[in-house]
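Student: Could we go through this structure together? I should like to begin with its internal spaces.

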Amino acid sequence: MKRMIAWLALAGCSCAQAGEWSQTQLARFTDSAELNFAVVSNFNEQGKQMQLTLDNQSELSLPASGWAVYFHSVRQIAPLADQPVQIEHVQGDLHRLVPAENFAGLAAGAELSVTYQPSAHMVSYTDFMPRAFMVFDGLEAEVFANTDTEDMTAFVAPIVKPEQQLRSQADNFTIATAQNRYERNSQLPAIDSDSVATRIIPAPTQMDEHRGEAQLTAKWQLRYAGSLKAEAEYLNSRLQQMYGFSLTLQPDHIPADGPTIYLRATGQGEKKLPVPETAESYILKIDDDTIVIDGRDAAGAFYGVQSLLALSHKSDDQVKVKNASISDSPRAVWRGMHYDMGRNFHGQEVTLRLIEQMGRYKLNKLHMHVTEDEGWRLEIPGLPELTEVGATRCFDLEETECLLTQLGTGPHTTGSGNGYYSKADFIELLRFAAARHIEVIPEIDMPGHARAAVKAMDARYTKLMQAGDEAAAKQYLLADPDDASEYLTVQNYTDNSINVCLESTYRFVDKVIYELQQMYREAGLKLSTFHMGGDEVGKGSWSASPVCDELFARELGVAGPADLKPYFVSRVSQLASERGLDLAGWEDGLMYDPTNTFNRKQFVNERVIANAWDNIWEWGVADRAYRLANNGYQVVLSHATHLYFDHPHEAHPAERGYYWAARYTDMAKVFNYLPDDMYANADFTRNGDAIENLEALVGRPLPTLQKPENILGIQGQVWTETIRTADQLEQMIYPRMLVMAERAWHKAGWESNGSERERSADYQAFSSALFGREIPRLQAQGAELYIPPPGARIEDGELTMNSAYPTAALEYSLDGAQWQTYRQPVNLGSQGALVRTKLGESVSRVERVEAQ
């Protein structure tokens with residue numbers, strides 16, 4: 001009925017003309033009018049259906065022309081048919097709703113609703129983006145107040161029906177509820193107190209416990225080998241942070257008098273417990289009044305320190321460490337974490353905290369994704385436009401002052417996700433990471449995913465041309481002004497490819513690499529690997545570029561557009577090699593197609609490292625890791641189905657993140673990942689069907705791994721399209737990063753023998769240490785983490801609750817205002833209840849459970 005009234009109002013209203021609106025009126029309108037979205041159905045055979053509603057709750061009538069409503073949609077939207085308004089794609093996820101010729105205006109109190117078809121399913125609140133805004137001719141943009149929030153439910157209608165929560169009728173995943181979560185939690189192992197005290201994360205190769213314990217106090221002394229002063233100071237600082245005291249610290253040529261910790265990196269150890277020969281290995285021997293940490297190298301000594309700290313605990317106002325002997329070596333040389341701050345920037349503090357936690361759990365590679373279509377996040381001396389323009393998003397259609405807004409930033413430069421690391425910030429990060437034996441690997445993503453760089457250099461070109469300096473304007477230009485190529489990327493960009501045929505492109509690459517090297521040198525370090533990204537280049541890039549046509553005419557071996565990607569990688573490879581660097585890229589950046597890699601011999605670097613990520617089993621590309629390794633590339637397993645931490649923690653519309661590779665990725669899935677048997681990880685298709693025969697699913701033979709020495713290790717990934725704040729970032733990373741660290745460092749026996757009993761026992765020990773010791777320590781350091789909502793049911797009027805986190809508190813409420821701690825079953829009669837989990841000061845999302 002309301003919609004009928006709305007259309008009658010449209011037909012009959014005498015609305016003000018655009019020119020009569022003031023900035024104040026526009027602000028009043030967007031403060032009162034609401035822009036809302038709804039998932040109608042993902043089951044419709046003619047296409048998925050969503051709804052956009054403009055509810056004019058203001059006292060103003062919306063004019064018939066002169067305005068546009070801008071909103072974000074990660075899905076392409078089909079043109080509307082026979083509607084008084086149209087939806088136009090602007091760039092990337094930015095779309096606008098504009099009046100058609102037959103739009104008569106929208107009266108105060110009226111409502112305009114349109115049903116539209118996105119290119120794919122939408123089943124999550126975070127499929128929608130905040131901070132939609134309105135623009136009038138000649139006026140500044142104003143954000144719709146109801147969308148200016150990180151609570152998507154403020155402008156997205158409840159997603160509660162099967163056709164809203166499931167991606168299609170073939171979607172076999174069960175949506176999490178309080179009731180089925182209760183059943184699942186009931187099967188989880190209980191906390192084992194011995195594991196809380198003695199289980200190290202990640203688990204060591206060998207650990208033997210002995211009688212007795214060391215009692216650490218300020219009376220202990222710390223003696224260190226001269227090369228390990230930094231590691232000794234780190235140990236002292238952590239003891240001060242954790243327990244409020246530090247030790248007398250002296251080099252080891254000064255005799256100790258009293259209980260002592262000896263920190264060495266001799267590589268010799270003791271006869272009973274020799275230090276393993278592998279780099280980063282260590283031994284740790286704990287007795288009542290003597291603790292010896294002996295590393296194969298400084299990194300090994302540092303990891304021995306971490307194991308000592310993991311075993312320490314406070315009891316009866318004393319800091320105690322169980323006597324033990326440990327011999328430990330890493331499973332993999334590459335134990336990494338990838339962090340995308342290109343999509344959304346979260347700041348220096350949270351990055352330093354991530355580095356700190358990586359060091360604690362023996363991760364040694366931080367892959368920093370510092371550039372993207374949506375942002376350039378690192379100051380480059382000599383190219384100020386990269387951060388002046390490329391580090392900020394706002395509403396500037398000319399993109400001379402900022403990039404076009406994306407990902408819910410809104411129209412203003414103060415919006416979420418904006419910012420960058422200054423040169424000083426980055427040097428601080430490098431030093432902080434090096435002190436924790438973490439190598440920082442910067443990624444400058446190109447030739448695709450490079451829109452921020454392209455637009456920043458366009459702005460530089462325009463500025464210098466206006467100043468009359470044509471040579472300088474063209475020096476680092478990344479786009480051919482005459483390029484008529486047409487393409488649309490996976491993220492809906494039409495202009496994000498660097499032109500690989502321009503010589504100025506390679507001057508730009510060389511300049512950036514040079515400045516990166518200078519920052520590493522200023523930090524006292526050496527840049528060893530340059531990551532060029534290389535993934536998801538829009539098909540059709542450079543197909544109608546005059547400068548590329550000229551290249552085809554003069555350059556042997558570059559006959560057409562299909563040769564341009566390997567040509568680009570070869571040129572970048574040469575630049576990196578001349579500066580003494582290894583080259584790295586995402587798997588598809590090093591391949592012609594799903595099965596054919598570029599010829600490794602054309603790249604002159606000693607190592608070319610590939611991140612293997614796209615392992616959607618039914619897509620037929622999950623064997624790329626083995627193909628690349630067999631063809632001479634070094635491979636880091638980065639598989640999306642198990643190691644993408646931007647995916648939801650469980651299948652529920654209120655969970656943050658994309659779900660293209662896996663409907664959800666919980667701790668158990670990460671724990672069960674098998675790095676040494678890639679095909680054994682083929683558990684389910686995207687629809688949730690169990691995979692019984694992988695070759696039958698793919699339809700062709702799968703290559704075996706012939707060169708296992710080329711698999712360097714594993715890496716977790718967090719992409720940040722839906723992650724706009726530091727708290728959101730950490731809630732996606734923790735605790736899954738700790739689980740990944742376990743698999744990267746330690747190979748469990750059950751991985752080889754397939755024993756379910758051993759796996760279950762190992763998971764119980766791991767989760768006991770995680771919840772009983774590590775999560776409280778994470779929180780003590782100020783980190784946020786994911787808190788799952790509880791399991792709950794009401795049967796025969798009685799509320800029972802449980803949690804996947806056994807150390808968490810459970811709370812319930814009858815009104816949402818007063819919360820009570822759940823300790824035992826509660827009789828509620830026929831009432832329902834709201835439930836939540838609480839851990840420290842952090843709480844889960846609230847869910848409602850009804851009486852059965």
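Tutor: A term comes first: on a 1 Å grid over the protein atoms alone, a cavity is a set of points where a 1.4 Å probe fits but cannot get out, and its lining residues have an atom within 4 Å of a point. Grid points are joined across faces, edges and corners, and a volume is the space filled by probe spheres set on the points. This is a predicted model, in which local features need pLDDT of at least 70 and side-chain atom pairs count only at pLDDT 80 or more, while totals for chains, interfaces and linings use all residues. Residues are numbered from 1 along each chain as its sequence is written, and side-chain values use heavy atoms, with hydrogens and water left out.

Student: How many cavities of 30 Å³ or more does the structure hold?

Tutor: There are 2. The second largest has about 30 Å³ of space, and the largest has about 80 Å³.

Student: Which residues line the second largest cavity?

Tutor: Its lining consists of T371, E372, W376, I444, D445, A450 and A453. Two or more of these residues come from each of β19 (371-372) and β23 (439-446); strands (E, at least two residues) and helices (H or I, at least four) are DSSP runs, numbered from the N terminus.

Student: And which element gives the most to the lining of the largest cavity?

Tutor: That is α7, with 4 residues. The full lining is I200, I201, R238, Q306, S307, L309, A310, R360, Y361, K362, E774 and R777.

Student: A453 came up earlier. Where else does A453 appear?

Tutor: A453 is among the buried residues of α11, as are V454, M457 and L464; buried means under 20% relative accessible area (1.4 Å probe, protein chains only). Helix α11 covers residues 451-466 and reaches 22 Å from its first C-alpha to its last, close to the 22 Å expected, the expected span being 1.5 Å times one less than the number of residues. G468 follows α11 and has a positive phi, near 85 degrees.

Student: Turning to the sheet, what is the order of its 5 strands?

Tutor: The order is β4-β5-β3-β7-β8, in an open sheet with antiparallel pairing; two strands pair if DSSP finds at least two bridges between them. β4 (85-91) and β8 (142-143) are at the edges with a single partner strand each, so one side of each has no neighbour in the sheet.

Student: Over how many bridges do β3 and β5 pair?

Tutor: β3 (residues 67-72) and β5 (residues 94-99) pair over 4 bridges. F71 stands opposite H95 in β5.

Note on methods: Buried < 20%, exposed > 50% of the residue type's maximum accessible area, 1.4 Å probe, protein only. 1 Å grid on protein atoms, 1.4 Å probe; cavity = no way out; pocket = protein on both sides within 12 Å on 5 of 7 lines; lining within 4 Å.
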